[in-house]
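Me: I would like to understand the words people use for protein structures. Could we go through them together?

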Amino acid sequence: MTRLAPLTLDEMTDEQRVVYEEFRAAHPRVGVAITHLTWMQSPELASAIAKFGSFLRYRCMDYRKRELAILITGRAAKSPMEWFLHLPYAREAGIEEHIIAALADQRRPDFTSDEDAALFDVVTELMAGFRVSDATYQRATEVLGSKQLVELVAITGYYVMMAMQIGTFKFELPAGEKPAFVD
């Protein structure tokens, strides 16, 4: 059971409703997720997250790279809910099933793209120790460039925050859904 029930529109203050509309406008395709509804407990924080999260989710890197980074982060953070929420987008973005399966099994996928491999190395090293080796940094700057590397670190950090929120408040998968992994 979720520890902190997300606010409903009827329970929200006027300030919270304004932020709710910010989230709705920022995410027209997906609406306001349970994670975002929980942020409404702190409207100022939620407003900042709406802007930052929307930028990361829709304007950093390209769609495929973003979703690959989110899946890698969600798996490393042991967050089946984050994985569940982003798996449809990962598939839509063109991430191959063999990559998805390897990530779910905590294996290094057989990448055909140097960019995917560099992205994987950066995110997995960040998740393992909150830094990257000199070799990974060098390769990532060569393959991804400094702009994408900076954005990748921000995306990883943001989705770690989301995984922490999911874990703290024990968000559950929809009824009947099985987690892709349990550990």
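**Pockets and residues**

Reply: Happily! Let us start with the second largest pocket, where α5 and α9 each supply at least two residues of the lining. This is a predicted model, in which local features need pLDDT of at least 70 and side-chain atom pairs count only at pLDDT 80 or more, while totals for chains, interfaces and linings use all residues. Residues are numbered from 1 along each chain as its sequence is written, and side-chain values use heavy atoms, leaving out hydrogens and water.

Me: What makes a residue part of the lining of the second largest pocket?

Reply: A pocket is found on a 1 Å grid over the protein atoms alone: an open set of points where a 1.4 Å probe fits, with protein on both sides within 12 Å along at least five of seven lines, and lining residues have an atom within 4 Å of a point. Here 13 residues line the second largest pocket, and Ser79, Pro80, Met81, Ile166 and Phe171 lie nearest its centre. Helix α9 gives the most, with three residues.

Me: How many residues of each class are in that lining, the one of the second largest pocket?

Reply: Eight are nonpolar, two polar and three charged. Nonpolar covers Ala, Val, Leu, Ile, Met, Phe, Trp, Tyr, Cys and Pro; charged covers Asp, Glu, Lys and Arg; the others, Gly among them, are polar.

Me: Why is threonine 136 called buried?

Reply: Buried means under 20% relative accessible area, exposed over 50%, and partly exposed in between (1.4 Å probe, protein chains only). Threonine 136 has 10% relative accessibility, so it counts as buried.

Me: And why is arginine 17 called partly exposed?

Reply: The relative accessible area of arginine 17 is 30%, so this residue falls in the partly exposed class, between the two cut-offs. Arginine 17 sits in helix α1 (residues 14-26).

Me: What makes the pair of threonine 136 and serine 133 a polar contact?

Reply: A polar contact is a pair of N or O atoms within 3.5 Å; within protein, one must be able to donate a hydrogen and the other to accept it, and residues adjacent in sequence count only if both atoms are side-chain atoms. The side chains of threonine 136 and serine 133 make such a contact at 3.1 Å, so the distance fits the limit.

Me: Which residues does threonine 136 touch, not counting those up to four places away in sequence?

Reply: Contact means heavy atoms within 4.5 Å. By that rule threonine 136 touches Asp121, Val122 and Glu125.

Technical notes:
Helices (H or I, at least four residues) and strands (E, at least two) are DSSP runs, numbered from the N terminus.
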